[in-house]
Amino acid sequence: DLLGKVEGGGRVVLYAVPTLALAREAARDLRALGGGVRVELWEGRHDGNCIRSELVGAMAKVVPNGAGKVCADCDRCAPGLNQCGFKRQEARLALQPGERGLVIVTTHARLVGHDLLDAKGQLTRSALPFAPSVVVVDEDASGSVLGELSVDLAGLAGLDAAGALDVDAETLRTLQRLIGGGGSFGLAPWADLLGQVRARDLSAYGREVLAGASSVTGDAERAGVLGARLVSWQVPAALERASALGWVGAFVHKGRLTLPWDAALPRGTHATIYLDATGDKVAAQAVLGPDAGWDDLRVAAPSSVRFVQVAGVSSSKGDLCGDGGRPRSARALALWLSARLRFDGPDVLHVTHKATADLLRGHVVGPVIHFEGGEARGSNAYEECSRVVLDEWHVPHVTIEALAARLVARGAAPDDARASARRRLLLAPVEQAAGRVRPYNGQAREVVFLGEARGVEVDAEQDAAAL
C-alpha cells in the first residue's frame, strides 16, 4: 500500500521504525516488492559507516554539537573526499529528476533528530535533510517524543562544579538531599521550594568538558574519558525547563533524578501516519497533536493462541541479578530458571529484561530478546516460534504517574492520562506478544507469563514450585 501511494506520484515517503535491525528488514522487504520506486535506508552512525562512531557517540552526549566537532576533525569528512559512509547517505536522500517516488526507511531516533546549539547559544533541534511528502511512524514513538534525561547526585555536583548551573546554594542542597534520600516520588510538591534553576552558557560547559579530554590520544580513550562524565550536556537546560514547568513529570527513583525532555515529530507535507497497535487515542494525540485523527483497527489474538500464567515466579532484576551479578535470592533464581527450562525449546522465544538476557542465553536453547531499547517492539522473532515466554514487566508507580502528568499537561483528562500511561508502560509488552503470535506449522501457539498476566484472560495457571 505504501509503495502504491508513492508510485507515479513523485513523492518522498519517510518510514520510521524503532530499531536499526527493523529498518534494515523493512527496507529489504520494500525493495523486494519492486514497483519502480527507489528504497533507501537512512542509518545513524555505527562502526560500519563511521570510523570514529564510538567517539561521536560520547561527544554527542556530553558536549554541545559534539558529533559535528568530531566530523570537523576527521580526515574522511574533509570537503571533496567523500569517504564517510554516514555522510554519503545524504546524497541518496533526495528524489532525482524523472523518478516515480522514493521511500526512505529509518529509525525513530533519526526521525526526531538531536539537540544542537545555534549560533546564539540557544537550544534547537536538528532538521531533516529533506522534506518528506508523507511521514509514516510504525510502532510506539511516544518514548522518543516524550523523552527523558536523568542525573544522579554525583552528576549534579559535577554540573555545579563545572559552572553549568546557575542555582542558589539552598536550592542545590535541596535537590541533592532529594536525590540522595532514596525512595521514589514526584517533585511537583517541591516546585516552590526548588525555585528557579538556570542553565549557564552551555557552549562554555562544552569547552570545559573538551579540555578535560584534550590530553588523551586515541578515539577509544577519549570516548572513555568523555563517557565517564555520565551527564548529558542537555541536563542543565532540562533542569531549568522542569523548574519553569513546576517539575511536572520530574521524579526521583533509586537515587536518580529523571527530567522530561520533549522532542517534536517531523510532519509530512502531505500526511503524517502513526501506526501503533499498543497505543490509544491519548498517546497518539500526545505524539501528533490534539487535532490528530484516530482509527481503532485492532484485532483480537487468534483463537488458536493459548495463554498460560505461572505463579510464584519473581522476575525482579534485583532478585535474579542483584549487585555485581550475584542474585539476592538463590531460590528466586532457581524457580525462574526452572520455569524457563520447563517451557524451553528451539522454537521458543524468551522475552526478558536486558539485565537478565545474557544470563538466560547461557541456559536455554531458544532465542532471547529483551524489553529495553525497543528490541521487543515490532520484532518478527515472535512469528518464528511456537511459544513465547514473558517475564513480568515491573514499572515503578512514580514512573506511571509522571507520564500521566505529562499527558495531562498536553490536554488529556487525568483518568484517561493515567490509563494511557499504564497501558504504554505495563501492558504494551504483553499486547506485543499476544498480537504478534501466528499459527506455527498448523499448531496452536502459546504465550506463557512468568508472574502476573496483565491485559489478557488466561487459559491455564500453573505454580512455579510444582515445576
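Me: How many bridges join strand E15 to E16?
Reply: Three, in this predicted model. E15 covers residues 348-352, and the two strands run parallel.

Me: Which residue stands opposite His 370 in E16?
Reply: Thr 352.

Me: What's the strand order in the open sheet?
Reply: E16-E15-E17-E18-E14-E19. That is six strands, with parallel pairing.

Me: Which strands stand at the edges?
Reply: E16 (368-370) and E19 (460-463). Each has a single partner strand, so one side of each is left without a neighbour in the sheet.

Me: What does the twist average from one strand to the next?
Reply: 20 degrees.

Me: Switching to helices. At what angle do H16 and H17 pack?
Reply: About 65 degrees, with the axes 12 Å apart. H16 is residues 330-342 and H17 is residues 354-361.

Me: Is that crossing left-handed or right-handed?
Reply: The crossing of H16 and H17 is right-handed.

Me: Which residues make the contact?
Reply: From H16, Leu 333, Trp 336, Leu 337 and Arg 340. H17 brings Thr 356, Leu 359 and Leu 360.

Me: How do the residues of that contact divide into nonpolar, polar and charged?
Reply: Five are nonpolar, one is polar and one is charged.

Me: New topic, the cores. How many residues has the largest nonpolar core?
Reply: It has 44 residues. Leu 226, Leu 239, Trp 247, Leu 257 and Leu 259 have the most contacts inside it.

Me: What does Leu 226 touch?
Reply: Leaving out residues up to four places away in sequence, Leu 226 touches Leu 55, Ala 58, Met 59, Val 62, Val 63, Val 209 and Ala 213.

Me: And what lies apart from the largest core?
Reply: Another core, of 29 residues. Val 351, Cys 385, Trp 393 and Ala 417 are among them.

Me: Back to Trp 247. Where is it found?
Reply: In the loop between helix H13 (235-244) and strand E11 (251-253). Its phi is positive, about 65 degrees, although Trp 247 is not a glycine.

Me: What sign of phi do most residues other than glycine have?
Reply: Most have a negative phi.

Me: Is Trp 247 buried or exposed?
Reply: Buried, at 0% relative accessibility.

Me: What about Asn 65, what's its phi?
Reply: About 55 degrees, so positive, and Asn 65 is not a glycine either. Asn 65 is found in the loop between helix H3 (53-62) and helix H4 (66-72).

Me: Why is Asn 65 called partly exposed?
Reply: Because its relative accessible area is 25%, and partly exposed runs between 20% and 50%.

How values were computed
Residues are numbered from 1 along each chain as its sequence is written. This is a predicted model: local features need pLDDT of at least 70, side-chain atom pairs count only at pLDDT 80 or more; totals for chains, interfaces and linings use all residues. Side-chain values use heavy atoms; hydrogens and water are left out. Axes are lines fitted to C-alpha atoms, for helices over the stretch in contact, and angles run from 0 to 180 degrees between N-to-C directions. Helices (H or I, at least four residues) and strands (E, at least two) are DSSP runs, numbered from the N terminus. A crossing is left-handed if the near helix is turned anticlockwise from the far one by less than a right angle, and right-handed if clockwise. Contact means heavy atoms within 4.5 Å. Ala, Val, Leu, Ile, Met, Phe, Trp, Tyr, Cys and Pro count as nonpolar, Asp, Glu, Lys and Arg as charged, and the others, Gly among them, as polar. Two strands pair if DSSP finds at least two bridges between them. A nonpolar core is a set of buried Ala, Val, Leu, Ile, Met, Phe, Trp, Tyr and Cys residues joined through side-chain atoms within 4.5 Å. Buried means under 20% relative accessible area, exposed over 50%, partly exposed in between (1.4 Å probe, protein chains only).
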